[in-house]
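Colleague: I should be grateful for a close look at a single part of this structure. Please treat the helix I name below together with its surroundings.

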Amino acid sequence: MPTRADLTAHLTRLAGEARWFSGRTRDWEMTRVELLPWIAEPAGQRPGVRSAVLHIRYADGDTERYHVPLAFHAGGGEPVEAVDDPEAMSILVECLAEERDGFQPRQDIPLGLPPRRYGGEQSNTSVFFGDVLIAKVFRRLEEGRNLDVELHEVLADSGAVAKLFGTWSHGGVDLGVFLEALPDPRDGFVVACEAAEGDRPFTDEARALGEQLALVHRLLAERLPTAVIDGDALSRTFVARFEAALREAPLLEQFRSSVLTCFTEVRGMRLVAQRIHGDCHLGQALLTGGQWRYVDFEGEPLKSLAERRRPDSPCRDVAGMLRSFDYAAHIGGGEESWRLGARAAFIEGCAATGRFPSELLLAYEVDKAVYEVVYESRNRPAFLPVPVDCLARINH
């Protein structure tokens with residue numbers, strides 16, 4: 001075992017380079033590394049596996065916790081991330097099958113399948129086991145149930161999400177989830193970008209995406225509590241979020257008048273609210289067997305857990321997907337007709353649960369674009385023109 005100081009230094013370097021660490025561009029420090037109990041101790045050639053929880057503090061006083069499962073080999077030296085160690089990941093699946101402490105299987109667990117880490121950018125980390133099972137390791141930890149686990153349980157029999165194989169937790173905090181590996185999955189964002197690049201219409205795919213999202217919304221409304229949102233309160237929330245975003249991204253000041261005018265349009269409305277996806281975009285949908293499946297129900301990563309669990313209008317999910325079509329058109333170089341066609345077809349597909357007032361949909365889309373300005377400023381400055389262009393369109 002490395003010394004605690006060496007381990008802290010090693011994990012600090014690791015976090016600073018990791019895509020899953022959303023604070024890497026901010027002023028931060030590692031205040032503590034918490035080692036959880038051994039999942040499996042080193043035995044012969046098999047590594048020991050245990051999780052580290054990184055306690056992060058930012059210069060502005062914010063704190064976060066991140067989860068890094070580690071593999072420790074008998075020869076000593078620095079541990080490696082368990083997601084990069086096939087033997088360590090096999091041990092995790094064995095723990096699930098044997099229902100060891102913290103692991104809860106929901107059905108028979110296949111063993112002996114070769115693990116392979118997914119190489120795409122994600123705020124969590126997924127490892128495929130053959131073409132049957134995915135282990136998704138949660139990175140940023142929060143108290144209580146993980147929203148992705150919770151909503152996969154609710155939607156388990158819908159055909160709109162992957163099948164749930166089991167969960168992994170410690171002390172009431174979810175550390176990971178085990179899901180069905182969908183056959184030949186294609187990332188929705190990649191599919192859309194390729195269509196835009198090839199100047200191929202995306203209307204059929206977008207309409208089907210909308211129909212599947214309408215199904216998700218209908219089932220969540222039937223199976224979980226609903227509420228009512230007052231339009232005046234919603235307008236105040238939009239405005240408060242804009243003012244908070246403005247403090248971090250001053251470039252938003254040029255859009256103040258048009259944005260605030262947009263937000264006033266929702267005053268006086270009474271909206272049915274329910275649990276929603278919360279971070280709906282093309283990258284959260286997989287095309288498999290000719291059908292769409294929605295994934296990653298954790299909500300927007302910059303929002304608090306309470307905000308993400310609170311009932312909201314399904315219009316937020318619709319607006320999120322509309323923003324995603326803008327990103328696909330930008331990256332794929334699609335013509336304006338491509339972008340507008342995809343948006344219109346998606347809205348048509350969503351109409352199974354009713355149409356939204358255009359003023360409401362625009363307000364949610366603008367709110368999302370404001371969020372994107374902050375996110376891109378922090379993480380991907382090269383993509384900042386996408387939300388800025390959205391705000392510029394309503395500015396005229």
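Which residue follows α4, and what is the sign of its phi?

Modeller: The model is a predicted one. The residue after α4 is Asp199, and its phi is positive, near 55°. The helix that ends before this residue comprises residues 188-197.

At the start of α4 another aspartate deserves attention. A side-chain oxygen of Asp187 lies within 2.7 Å of the backbone nitrogen of Phe189. Asp187 also has a partner in a strand, for it stands opposite Leu286 in β15. The strand β12 covers 186-187, and two bridges connect β12 with β15, residues 285-288, the two running antiparallel. These strands belong to an open sheet of three, ordered β12-β15-β16 and paired in antiparallel fashion. Its edges are β12 and β16 (291-294), each of which pairs on one side only.

Within α4 itself, the buried residues are Gly188, Val191, Ala192, Cys193, Ala195 and Ala196. An α-helix has 3.6 residues a turn, so residues three or four places apart point the same way. The buried residues of α4 pack against β12, β15 and β16, and also against two helices, α9 (315-332) and α10 (336-350). The three strands in that list are those of the sheet β12-β15-β16.

For the wider setting, two further parts of the model may be described. One is an open, antiparallel sheet of six strands in the order β5-β10-β11-β8-β7-β6. Its edge strands are β5 (103-105) and β6 (115-117), each pairing on one side only, and the twist averages 20° from one strand to the next. Within this sheet, β10 (residues 164-170) and β11 (residues 173-180) run antiparallel and are joined by six bridges; His170 stands opposite Val173 in β11. Helix α2 (residues 86-97) packs on the sheet, where it touches β5, β6, β7, β8, β10 and β11, and its direction makes about 65° with that of β5. Helix α3 (residues 147-154) packs on the sheet as well, touching β8, β10 and β11, at about 45° to the direction of β11.

The other part is a pair of helices, α11 (residues 358-379) and α12 (residues 385-394), which pack at an angle of about 140° with their axes 8 Å apart. Their crossing is left-handed. The residues of this contact comprise 10 nonpolar, no polar and three charged. Among them are Leu362, Val366 and Val373 in α11, and Pro387, Leu391 and Ile394 in α12.

Terms used:
Residues numbered from 1 in each chain as written. Predicted model: local features only at pLDDT ≥ 70, side-chain atom pairs only at ≥ 80, totals over all residues. Heavy atoms only, no water. Pairing = 2+ DSSP bridges. Helix = DSSP H or I, 4+ residues; strand = E, 2+ residues; numbered from the N terminus. Axes fitted to C-alpha atoms, helices over the stretch in contact; angles between N-to-C directions. Left-handed = near helix turned anticlockwise from the far one by under 90°. Contact = heavy atoms within 4.5 Å. Nonpolar A, V, L, I, M, F, W, Y, C, P; charged D, E, K, R; others polar. Buried < 20%, exposed > 50% of the residue type's maximum accessible area, 1.4 Å probe, protein only. Polar contact = N/O pair within 3.5 Å; in protein donor to acceptor, adjacent residues only side chain to side chain.
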